[in-house]
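Here's a short set of exercises to work through with the model open in your viewer. Try each one before you read its solution.

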Amino acid sequence: MLVITCPFCGPRDEREFEYCGPAAPPRPEDASVVSDRGWVEYLTSPPNPVGPVEEIWWHKRGCEAWIRLCRDTVTHEILPTREVRK
Amino acid sequence: MADAAVSRSRSQRYSAFSLLAGAFRQHRGWRPAWREPPLEQCYDIVIVGAGGHGLATAYYLARHHGSKRRIAVLERGWLGGGNVARNTVTIRSNYLRDESIPFYVKSVALYEGLTKELNFNLMHSRRGMIDVINTWPKLREIRRRRMVMDLHGATYRPISVDEIRRRIPLLTGGGPQSRLPILAGMLHPDAAVNRHDAVAWGYARAAGGLGVAIHQNTEVKSLLCDESGAVCGVETSRGRILAGKTALAVSGHTTSLTDTAGLRLPLRSFNLTAFVSEPVRPVLDCIVNCPDLGVYLSQSDKGEFVIGGAPDPGQSFRRDIRQNVFEDTVCALLELFPSFKRLKLLRQWGGHLDMAHDASPIMSPTERPGLYISAGWWGGYKAIPAGGMTFAHLLATGTPHPLMEKFTLDRFPHLDFIIESGTTAAV
Ligand SMILES: Cc1cc2nc3c(=O)[nH]c(=O)nc-3n(C[C@H](O)[C@H](O)[C@H](O)COP(=O)(O)OP(=O)(O)OC[C@H]3O[C@@H](n4cnc5c(N)ncnc54)[C@H](O)[C@@H]3O)c2cc1C
Ligand SMILES: [Zn+2]
């Protein structure tokens, strides 16, 4: 079981949260210069590292904030979290 | 490389008679089931991963596409130590899409004749699966699936709650007073279970007999690229090996290898887990799947219940069970089978699988000439025979097998997704 530190509520049991997928990289600024391949990668191919990965969790059964965190896919260690908006 | 005919004559056929003869020799004359030839520096085709898919691919390549090719299978651990030995052996074809169903129908059919074909007892048991449905949206989805499946010759038919309870006497939960009363059921008579080790060993033995070289304890560290960017072999823990074609069948580890060639793929790895109970008397003769509660189970020939649930939330390269996933699965199990409260659980384990963006497999050439992948096998045990057969076709001919034409990487740039999330335990 993970303990996820919500920026508002502090450390909470993983079960209060819902995993909402990988954190998308920043959207390409100028769509007209992005190649097809670049778009496909942006839309479908997030990183799959053996190590830290950025992801979005939703504090569904808590304050309902969307938070972005960095979790290690091998150790499950969670690095400091922040609100998605920031 | 040994001549295929010679090695075939060296391999021993199993039969009641050979068992008896072995008994008279006090089981001292048995030879190893597959060869372990010395590692060479160059092969026509190198298959990475000796799991179900890698071994089946090697077998069908040697069997259907000529024995002249020098084929090697490289495995970092031991043969059949990956997901092929870690899964819950549910073999079924109740998928959603027109593209998927014919492939799975073929795979289920191939499994049925495989014991005979491989001369290896897979203990195949076509026992049927009952989907227990507790919500209206799931019921609508599953009725839709039934109609699509009807078009492709797979069988899926509704059964009443009374019929469910008659067939599964221990399923006493899910009554009108419960949190999610059972609304209906669906029977998939084609579904089967069999023995996973035997699938790996049977294919390994048959492929070895046809001249395929299987090298265990040979980890591929990276892909080798030439100046043009083509993949020309692999760097392994036992040195460099050149290959005309390199085929990845590494379930869950695909991106770790393609990353080394700077190739990005629409795949993410997740951990799926299972656990088994102590053995008890035979009380369950079909596979039970309850997608709304999130649990499925069957009883093995030894009498253990083999139980699985949802994957871990978030990408993972671990193979342990998350406490909350375990507890949720147990709660769901007890909701349906309250008497299992007294059952003791014996072992748990997990395995990492890669899932494509649309939850369907990817069998494809890549933008790197010489590199082919068979990946995204989320519920891919059932897919081993047809997956091996079609991947062998792609490697031998350079063009996808008709059953897998729609499953190449081309579907992503065109957004021609084959969305199967929800038809597996997938997130
Ligand atoms: C708990 C669980 C339950 C499941 N239940 C079902 C089910 O009921 N029905 C179903 O159809 N499917 C199920 N699956 C999925 C199924 O197990 C997989 O889709 C399938 O086994 C994957 O193909 P494979 O057999 O080739 O994989 P594997 O057996 O994992 O083969 C891949 C091999 O590649 C090797 N490898 C990896 N990296 C390297 C490297 N760098 N160099 C050399 N070798 C390497 C690995 O060691 C491994 O042996 C389940 C999976 C799990 C984990
Ligand atoms: Zn919060």
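**Exercise 1. Which residues are closest to ligand 1, and how many surround it?**

Solution. Keep in mind that this is a predicted model.
- Step one, collect the neighbours: 36 residues surround ligand 1.
- Step two, pick out the closest: these are Glu75(B), Asn83(B), Thr88(B), Trp377(B) and Gly380(B).

**Exercise 2. Find backbone atoms of chain B that sit within polar-contact range of ligand 1, using the 3.5 Å cut-off.**

Solution. Take the nitrogen atoms of the ligand, then an oxygen.
- A polar backbone atom of Arg76(B) is 3.1 Å from a nitrogen atom of ligand 1.
- Thr90(B) also offers a backbone N or O atom, 2.9 Å from a nitrogen atom of the ligand.
- For an oxygen atom of ligand 1, look at Tyr381(B): one of its backbone N or O atoms lies 2.9 Å away.

**Exercise 3. Is Asn134(B) buried or exposed? Describe its surroundings too.**

Solution.
- Locate it: Asn134(B) is in the loop that runs between β3 (129–133) and α6 (136–151) of chain B.
- Check the accessibility: its relative accessible area is 5%. Buried means under 20%, so Asn134(B) counts as buried.
- List the contacts: leaving out residues up to four places away in sequence, Asn134(B) touches Leu180(B), Pro181(B), Ile182(B) and Leu183(B), plus Cys290(B), Asp292(B) and Leu293(B).
- Look for a polar partner: a polar atom of the Asn134(B) side chain lies 2.9 Å from the backbone oxygen of Leu180(B).

**Exercise 4. Characterise the interface between chain B and chain A.**

Solution. Start with the overall numbers, then zoom in.
- Chain B brings 25 residues to the contact and chain A brings 26.
- Together the two chains bury about 2,300 Å², with carbon and sulfur atoms giving 48% of that area.
- Now ask who pays on the chain B side: Arg264(B), Gln315(B) and Phe317(B) lose the most area to chain A, together 29% of what that side buries.
- Next come the charges: the rule finds 5 salt bridges across this interface. Arg264(B) turns up again here, in a salt bridge with Glu41(A) whose closest N and O atoms are 3.7 Å apart.
- Add the polar contacts: 14 residue pairs across the interface qualify, with both residues at pLDDT 80 or more.
- Map the chain B side onto secondary structure: α9 (254–258), β10 (267–277) and α10 (323–336) are the elements that give two or more residues.
- Finish with composition: the chain B side splits into 9 nonpolar, 9 polar and 7 charged residues.

How values were computed:
Residues are numbered from 1 along each chain as its sequence is written. Chains are lettered from A and ligands numbered from 1 in the order in which they are written. This is a predicted model: local features need pLDDT of at least 70, side-chain atom pairs count only at pLDDT 80 or more; totals for chains, interfaces and linings use all residues. Side-chain values use heavy atoms; hydrogens and water are left out. Contact means heavy atoms within 4.5 Å. Buried area is the accessible area (1.4 Å probe) that two parts lose on being put together, summed over both. A salt bridge is a side-chain nitrogen of Lys or Arg within 4 Å of a carboxyl oxygen of Asp or Glu. A polar contact is a pair of N or O atoms within 3.5 Å; within protein, one must be able to donate a hydrogen and the other to accept it, and residues adjacent in sequence count only if both atoms are side-chain atoms. Helices (H or I, at least four residues) and strands (E, at least two) are DSSP runs, numbered from the N terminus. Ala, Val, Leu, Ile, Met, Phe, Trp, Tyr, Cys and Pro count as nonpolar, Asp, Glu, Lys and Arg as charged, and the others, Gly among them, as polar. Buried means under 20% relative accessible area, exposed over 50%, partly exposed in between (1.4 Å probe, protein chains only). A residue is near a molecule or strand if one of its heavy atoms lies within 4 Å of it.
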